[in-house]
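Please open the structure in your viewer and keep the selection tool at hand. The tour below moves from one selection to the next and says what is found at each stop.

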Amino acid sequence: MRRVLVAVALVAALCGGCAGSGVPQPLSSATTPWSRERFLRAHPPTGTPTAEPAAFGKKVGALFSHDTKGDHFCTASAVDSPARNLIITAAHCVHSGAGGGYLSDLVFVPGYRNGNAPYGVWKVKSQFVDDRWAKGSDPDLDVGFAVLEPLNGKNIADVLGANLLGIDQGFGNLVRVTGYPKSSDKPVTCINRTTKQMKYQMRFACNGYAPGTSGSPWLTHYDPKTKRGEVVGVIGGYQLGGLEDAVSYSSYFDDDVRKLYERAIGQAN
């Protein structure tokens, strides 16, 4: 349970928004400039890398209770939706699981750094987890969505853009994982290839993912032209994301996650 704090129970840019309804289709594999991600796809890293400070990444942010005066306890990121007001995180970041309920009075602070909230403090309006997480803390469904209230008349994706949701993209993807360790006021980021841990669990090896990084998005297929990619996982799932800072897990994003996403966007207004 190293990822979640009991107190309340990218280096590359992340992506821009997209319009339309439903889950967007995978991005084109058209030739793009030799970014760090593209180089690593051709030359995958060996061994276990170590996360580095993230220079930027405004679509990823920290989750707090009430405001930024306390400690941030999880990570979330903007994900595309028709209403442009949705974030994705781990289910255990927004719902305490079996015998519990949804956490209240949460705020999302994208681009949080050194106590500053450059893109504002966004209030969580409603949260969504699979019923099997809510009733039984099923680690294979440790994925959650949250709808945010508008800020200054704009929705979150109008300000930040948003990543796409990647469904059934397989267990082996080169991903960038960016998140906020509880012990730091700056995000860390790392690139490595995912592997299959078990039937509905993925594994990502990189040192530096301490408590607070639950919900960190696993971003793949990043396109520097459109400035967007696909979130194919979030730190969570097996062992609530992992018992060691060097190994993280995610529930596999399959049709169950698609159905949860559709439920969230259906009630996002």
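Is Lys-227 buried or partly exposed? Select Lys-227 and look at its surroundings: with a relative accessible area of 47%, this residue counts as partly exposed, because buried would require a value under 20%. Lys-227 sits in the loop between β13 (217–223) and β14 (228–234), and its phi is near 55 degrees, which is a positive value in a residue other than glycine. Now select Asp-105, which also has a positive phi, of about 60 degrees, although it is not a glycine. Asp-105 belongs to the loop between β4 and β5 and is partly exposed, with a relative accessible area of 44%.

**Colour by confidence**

Before going further, keep in mind that this is a predicted model, and colour the chain by pLDDT. The mean pLDDT of the chain is 86, and 83% of the residues reach 70 or more. Select residues 1–34 next, where the pLDDT is below 50, although this stretch has 123 contacts in the model beyond near neighbours in sequence. Where pLDDT is low, the predicted coordinates should not be read in detail.

**The nonpolar cores**

Select Leu-63, Phe-73, Ile-87, Leu-106, Phe-108, Leu-148 and Ile-156, which are the residues with the most contacts inside the largest nonpolar core, a set of 24 residues. At least two residues of this core come from each of β3 (74–79), β5 (106–110), β6 (122–129), β7 (144–148) and α3 (156–160). Apart from this core lies another one, of 21 residues, among them Leu-165, Leu-260, Ala-264 and Ile-265.

Return to Ile-156 and display what surrounds it. If neighbours within four places in sequence are left aside, Ile-156 is in contact with Ala-78, Arg-84, Asn-85, Leu-86, Phe-108, Pro-110, Trp-122, Leu-148 and Gly-161.

**Salt bridges**

Arg-84, one of the contacts of Ile-156, leads to the next stop. Select Arg-84 together with Asp-158: these two form a salt bridge in which the closest N and O atoms are 2.7 Å apart. Distant parts of the chain are linked here, since Asp-158 is in helix α3 and Arg-84 is in the loop between β3 and β4 (86–89), 74 residues apart. Both ends are partly exposed, Asp-158 at 41% relative accessibility and Arg-84 at 23%.

Which residues are linked with Arg-132 in a network of salt bridges? Select Asp-130 and Asp-256 along with Arg-132, and the network is on display. Within it, Asp-256 and Arg-132 have their closest N and O atoms 3.2 Å apart. Asp-256 lies in helix α4 (residues 255–266) and Arg-132 in helix α2 (residues 131–136), so this pair ties together parts that are 124 residues apart in sequence. Asp-256 is partly exposed at 24% relative accessibility, and Arg-132 is partly exposed at 42%.

Stay on helix α4 and select Lys-259 and Asp-255, which form a salt bridge with the closest N and O atoms 3.7 Å apart. These two residues both lie in helix α4, 4 residues apart, or about one turn of the helix. Asp-255 is partly exposed, at 36% relative accessibility. In total, the count comes to 6 salt bridges.

**Aromatic rings**

A search of the whole structure finds 7 aromatic pairs. Select Tyr-112 and Tyr-180, whose ring centres are 6.3 Å apart and whose planes meet at 50 degrees, so the pair is tilted. Tyr-112 is in the loop between β5 and β6 and Tyr-180 in the loop between β9 (174–179) and β10 (188–193), so the pair ties together parts that are 68 residues apart in sequence. Tyr-112 is buried, with a relative accessible area of 3%, and Tyr-180 is buried at 1%. Add Phe-64 to the selection, and you have one aromatic cluster of Phe-64, Tyr-112 and Tyr-180.

For the last stop, select Phe-171 and Tyr-252, an aromatic pair that is stacked, at 4.3 Å centre to centre and with 15 degrees between the planes. Phe-171 lies in the loop between β8 (164–165) and β9 and Tyr-252 in the loop between β15 (247–251) and α4, so parts that are 81 residues apart in sequence are tied together. Phe-171 counts as buried at 19% relative accessibility, and Tyr-252 is buried at 11%. Finally, add Lys-196, which lies over the face of Phe-171, at 4.9 Å from the ring centre.

Methods: Residues are numbered from 1 along each chain as its sequence is written. This is a predicted model: local features need pLDDT of at least 70, side-chain atom pairs count only at pLDDT 80 or more; totals for chains, interfaces and linings use all residues. Side-chain values use heavy atoms; hydrogens and water are left out. A nonpolar core is a set of buried Ala, Val, Leu, Ile, Met, Phe, Trp, Tyr and Cys residues joined through side-chain atoms within 4.5 Å. Buried means under 20% relative accessible area, exposed over 50%, partly exposed in between (1.4 Å probe, protein chains only). Contact means heavy atoms within 4.5 Å. pLDDT is the predictor's confidence in each residue, from 0 to 100. A salt bridge is a side-chain nitrogen of Lys or Arg within 4 Å of a carboxyl oxygen of Asp or Glu. Rings of Phe, Tyr and Trp (its six-membered ring) pair if their centres lie within 6.5 Å; planes under 30 degrees apart count as stacked, over 60 as edge-to-face and the rest as tilted. A charge sits over a ring if NZ of Lys or CZ of Arg is within 6 Å of the ring centre and within 35 degrees of the ring normal.
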